[in-house]
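Have a look at the fold below and keep it open while you read. We'll go through a few spots, one at a time.

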Amino acid sequence: MSLARPPYQRHGVSREEEKLWIGFYQRIHRDPVLASELLALMKADAVMRREHLALYLCCRESLRIAQQRLWRDQQIARVLKQVFIGPWRALRRLCRRSGTIAVQCLPESSQLPPPACASRSGTPKRADKSKPVSARNGQARTGDQA
């Protein structure tokens, strides 16, 4: 008994094979990964490349278009970064520099009034508001001298 297939079965397989190749032709422009795989396969097999030369050229074209699309997307992203992120970075730099300018504009430390001292218990001392300020200051001086 022979293992060779009958002619009608070989014809069906070749028909399905042709359908698959046609499918490759249709999908090659949408899928650069498929194009790169087919291109690698055809570079390894010269007979297949000769039989499907148009598919080989379509694969190369698809990869070239994908590279151009990637380059264009990178250029668009670069411009968008300059338009949207560039001013934000400039504003941040300005804020950093303005802090040093503000510190330089402050008066010298000798011109500033001394900070209020807190008592040792942690609560600030309260002045007796029933007496005038001059009387309070005078009592404080006399109390300190005694």
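## Leu80 and its surroundings

Leu80 sits in helix H4, which covers residues 53-105. Keep in mind that this is a predicted model. With a relative accessibility of 43%, Leu80 falls in the partly exposed class, since that class runs between the 20% and 50% limits.

Leu80 also helps make a nonpolar surface patch of about 540 Å². Its partners there are Ile76, Val79, Val83, Phe84 and Ile85.

## The loop before H4

Just look at the loop between helix H3 (46-51) and H4: that's where you'll find His52. Is His52 buried or exposed? It counts as buried, because its relative accessibility is 12% and the cut-off for buried is under 20%.

So what does His52 touch, once its neighbours within four places in sequence are set aside? The contacts are Trp21, Tyr25 and Met42.

## Trp21 and its ring partner

Trp21, one of those His52 contacts, is buried too, at 9% relative accessible area. Searching the whole structure turns up one aromatic pair. The pair is Trp21 with Phe24: the ring centres are 5.5 Å apart and the planes stand at 75°, so it's edge-to-face.

Both residues belong to helix H1 (residues 7-27), and because they are three residues apart, about one helical turn separates Trp21 from Phe24.

## A charge over a ring

One more ring to check: Tyr56 has Arg49 lying over its face. The distance from Arg49 to the ring centre is 5.6 Å.

Definitions and conventions. Residues are numbered from 1 along each chain as its sequence is written. This is a predicted model: local features need pLDDT of at least 70, side-chain atom pairs count only at pLDDT 80 or more; totals for chains, interfaces and linings use all residues. Side-chain values use heavy atoms; hydrogens and water are left out. Patches are made of residues with over 30% relative accessible area and no salt bridge: like charges are joined within 9 Å, nonpolar side chains (Val, Leu, Ile, Met, Phe, Trp, Tyr) within 5 Å. Accessible areas come from the Shrake-Rupley method with a 1.4 Å probe; for residues, only the protein chains shown count as cover. A salt bridge is a side-chain nitrogen of Lys or Arg within 4 Å of a carboxyl oxygen of Asp or Glu. Helices (H or I, at least four residues) and strands (E, at least two) are DSSP runs, numbered from the N terminus. Buried means under 20% relative accessible area, exposed over 50%, partly exposed in between (1.4 Å probe, protein chains only). Contact means heavy atoms within 4.5 Å. Rings of Phe, Tyr and Trp (its six-membered ring) pair if their centres lie within 6.5 Å; planes under 30 degrees apart count as stacked, over 60 as edge-to-face and the rest as tilted. A charge sits over a ring if NZ of Lys or CZ of Arg is within 6 Å of the ring centre and within 35 degrees of the ring normal.
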